[in-house]
Amino acid sequence: EMDPQERAFQERIDAGQKIEPKEWMPESYRKTLVRQISQHAHSEIVGQLPEGNWITRAPTLERKAILLAKVQDEAGHGLYLYCAAETLGVSRDEMYEQLHAGKAKYSSIFNYPTLTWADIGAIGWLVDGAAIMNQVPLQRCSYGPYARAMIRICKEESFHQRQGFDVLMKMVRGTPAQKAMVQDALNRWWWPSLMMFGPSDEASVHSAQSMAWRIKQNSNDELRQKFVDQTVPQAEYLSLAIPDPDLKWNEQKRGYDFGEPDWAEFFNVIAGNGLCNAERLDARRKAWDDGAWFRDGLTAYADKAADHAAA
Ligand code: FAQ
């Protein structure tokens, strides 16, 4: 039996009302949101690293300016999302601590290396493409601050997706070596991109409850299917081959059938054992440690200003 307060809460959700920070909410709703929003924020912050790797090696000044802007956008997304999580009573310091201790998750995708310039195009096209597919429905999430943060984030992600596609368009029209580089990038990023949507519906522990609360509007498999259906024609436009022998148009469902991602690899990556997990966490810990003098300075100044005001 649901208690009356919880029933009233569920009725508000079912009626499509937004839940705001100061309102009553079940403890488990709050925890679920902190888990998802902090995971999302960490993804944006750690997600700067693979592309940041190419800022100094962008092929032209224009590409460099675009990439810089994109990576700065990701930092901004992380900040909006940490703010949204803070409205639920968790501090940014606590979230950072959990990340640096290896206890908090961030998207599996950012534990793969960026080996060539084509990877920068592939990330924009596929990774931002998958992020948009996941985040557009989150704009209608029942928790107001998360839903509103998503609006601006989605607009920026669509610029990111277009710039990635544009990088690849240029390269596939280039030399055979450049085109081969793009195909190689697609071969390496395709399956990890499909894993961004999370485990299969059968294996997804949180989906049912999160959908009942309208935190998620779609299941992981639904979004993965939509992503495949949207992306295959784009690959065709680029004259690239999707590295999946089971990929086939299914007229009956008006969508593609496709192969199963390697779930053992997925669970291994989210357990911390992917190609770059250690490197990513080391980079974040170093950034935190290198910023200590600045945080100390701010605190010392604030203390001094407070003393001054009190005197
Ligand atoms: N990676 O029961 P479910 C971007 C975890 S890109 C790591 O299905 P849920 C743009 C999940 O947390 C990405 N962990 O869970 C960009 C849970 O673990 P927990 C950012 C994953 O929450 C581009 C466990 O597995 N977007 O921002 C992954 O219902 C370029 C069980 O899974 C988001 O983070 C994964 N792929 O659904 C930035 C979206 N999948 O918490 C920079 C927000 C699952 O129990 C550069 N998050 N897990 O320890 C979500 O929409 C959801 O949390 C899902 C998972 C869909 C990821």
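Around the ligand sit 35 residues (each with a heavy atom within 4 Å of it), and Q39, K105, S204, H206 and K216 come nearest. This is a predicted model, where local features need pLDDT of at least 70 and side-chain atom pairs count only at pLDDT 80 or more, while totals for chains, interfaces and linings use all residues. Residues are numbered from 1 along each chain as its sequence is written, and side-chain values use heavy atoms, leaving out hydrogens and water.

**Ligand contacts**
- Q39 has a side-chain N or O atom 2.7 Å from an oxygen atom of the ligand.
- H40 puts a polar side-chain atom 3.5 Å from a ligand nitrogen.
- M196 uses its backbone instead: a polar atom there is 3.4 Å from a nitrogen of the ligand.
- On its own the ligand has 1100 Å² of accessible area (Shrake-Rupley method, 1.4 Å probe), and the protein covers 92% of that.

**Helix α11**
- Helix α11 spans residues 263-273 (helices are DSSP runs of H or I, at least four residues, numbered from the N terminus), and W263, F266 and V269 in it are buried (under 20% relative accessible area, 1.4 Å probe, protein chains only).
- Those three cover an arc of only 120° around the axis, judged by the directions from the helix axis to the C-beta atoms, so they lie on the same side of α11.
- Turned away from that buried side is the face with A264 and A271, which are exposed (over 50%).
- The cover over the buried residues includes α8 (176-195), α10 (220-237) and α12 (277-290).
- D262 caps the N-terminal end of α11, with a side-chain oxygen 3.2 Å from the backbone nitrogen of A264.

How values were computed
Helix = DSSP H or I, 4+ residues; strand = E, 2+ residues; numbered from the N terminus. Contact = heavy atoms within 4.5 Å. Polar contact = N/O pair within 3.5 Å; in protein donor to acceptor, adjacent residues only side chain to side chain.
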